[in-house]
Amino acid sequence: MECTNSQIQAYAEQHTEAAPPLLAQIQQETEANIPLPHMLAGHLQGRLLAAFSHMLQPTRILEIGTYTGYSALCLAEGLQPGGILHTIDKNEALAPRVKRYFEAVAYQIEFHLGPAATIIPQLAGDFDLVYIDADKRNYRCYYDLVVDRVRPGGFIIVDNVLWGGSVLATPPVADKRTQAMIAFNTYVHHDPRVANTLLPLRDGLLILRRK
């Protein structure tokens, strides 16, 4: 999952502001109790998501892939008064835990349980910020559903676009998720609707600005 030198990663985290106590609790409880805890955004990436939210000061955020709620709470930090964050996940087992975390904050967060491809078209309005961190083979589907609903100057942020470095493998990896990620990265790189910057942070973070 980590494409950055581990010592540099540790140094960066040590020189990044501390996360709010609830986020520290979520990270600790996720690592102790939940399968695949590496799926959590984590400290450094979480602070970057919060920074984008504070810069944009959004009124409407969409997150595709909630997991245990860490990234949603980071994204919600910059919400304008009266703003709302919609977050979607299909993991019913984690839903009670996620709802408990969300109930502990004053942000307006609406948690949707079910398939994102079905739920996204049911959400009214456009978005200032979209974060995609869900099943990799459907990344293009999710992107196509949201890109024209992001306001000009808004952002789409996509996680795991380096896929553990497998996007660079020679010969190419036959795994369908790897192939889907390679195809997705190429697709958005040539999409004239967005300006793209790929950051080698953790497992790769793609920043897309809607033109």
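**Exercise 1. Place Q57 and describe its backbone and its accessibility.**

Let's start with location: Q57 sits in the loop between α3 and β1 (60-64). Keep in mind that this is a predicted model. Next, check the backbone: phi of Q57 is near 50 degrees, a positive value in a residue other than glycine. Is that sign common or uncommon? Most residues other than glycine have a negative phi. Last step, accessibility: the relative accessible area of Q57 is 47%, so Q57 lands in the partly exposed class, which runs from 20% to 50%.

**Exercise 2. Look through the loop between β5 and α8 for backbone features worth flagging.**

Begin with W163, which lies in this loop. Its phi is near 45 degrees, again positive in a residue other than glycine. Now go on to P171, also placed in the loop between β5 and α8 (176-189). Which residue does a cis peptide bond join to P171? The partner is T170, and omega for that bond is about -5 degrees. For background, most peptide bonds are trans.

**Exercise 3. Work out how α2 and α5 pack against each other.**

Step one is geometry: the two axes are 11 Å apart, and the packing angle of α2 and α5 is about 165 degrees. Step two is to classify the angle. Anything over 145 degrees counts as roughly antiparallel, so α2 is roughly antiparallel to α5. Step three is handedness: the crossing of α2 past α5 is right-handed. Step four is to list who touches whom. On the α2 side you'll find L22, Q25, I26, E29 and N33, while α5 brings R97, R100 and Y101.

**Exercise 4. Do the same for α7 and α8.**

The axes of α7 (residues 139-146) and α8 come within 9 Å, crossing at roughly 30 degrees. Angles under 35 degrees count as roughly parallel, so that is the label for α7 and α8. As for the residues, α7 offers Y139, R140, Y143 and D144, and these meet M181, F184, Y187 and V188 of α8.

**Exercise 5. Map the nonpolar cores.**

How many residues are in the largest nonpolar core? It has 35, and I26, L85 and I157 have the most contacts inside it. Now ask where the residues come from. Helices α2 (21-33), α3 (43-56), α4 (70-76) and α5 (95-103) each supply at least two, as do strands β3 (109-113), β4 (127-132), β5 (150-159) and β7 (205-210). Which element gives the largest share? That's α4, with six residues.

Zoom in on L85. Leaving aside neighbours within four places in sequence, L85 is in contact with I61, A72, L75, A76, L79, Q108, I109 and E110. Then there's another core, apart from the largest one: it has 28 residues, including L62, I132, Y139 and I156.

**Exercise 6. Trace the surroundings of T30 and I34.**

T30 is in helix α2. With 0% relative accessibility, it counts as buried. Beyond four places in sequence, T30 has contacts with P37, L40, Y67 and T68.

I34 belongs to the loop between α2 and α3. Is I34 buried or exposed? Its relative accessibility is 10%, so it counts as buried. With the same neighbours-excluded filter, I34 is in contact with E29, Y67, T68, L94 and R97. Put the two lists side by side: Y67 and T68 appear for T30 and again for I34.

**Exercise 7. Decide whether R47 is buried or exposed, and find its partners.**

R47 is placed in helix α3. Its relative accessible area is 6%, so R47 is buried. Its contacts beyond four places in sequence are T16, E17, A18, A19, P20, L23, C74 and E77. Take E17 from that list: its C-alpha is 7.6 Å from that of R47, although 30 residues separate them in sequence.

**Exercise 8. Sort out the cysteines C74 and C141.**

C74, one of R47's contacts, has 0% relative accessibility and so counts as buried. C141 has a relative accessible area of 31%, so it is partly exposed. How many disulfides does the structure hold? Zero.

Definitions and conventions:
Residues numbered from 1 in each chain as written. Predicted model: local features only at pLDDT ≥ 70, side-chain atom pairs only at ≥ 80, totals over all residues. Heavy atoms only, no water. Disulfide = S-S within 2.5 Å. Buried < 20%, exposed > 50% of the residue type's maximum accessible area, 1.4 Å probe, protein only. Core = buried A, V, L, I, M, F, W, Y, C linked by side-chain atoms within 4.5 Å. Helix = DSSP H or I, 4+ residues; strand = E, 2+ residues; numbered from the N terminus. Contact = heavy atoms within 4.5 Å. Axes fitted to C-alpha atoms, helices over the stretch in contact; angles between N-to-C directions. Parallel < 35°, antiparallel > 145°, perpendicular 65-115°, else oblique. Left-handed = near helix turned anticlockwise from the far one by under 90°.
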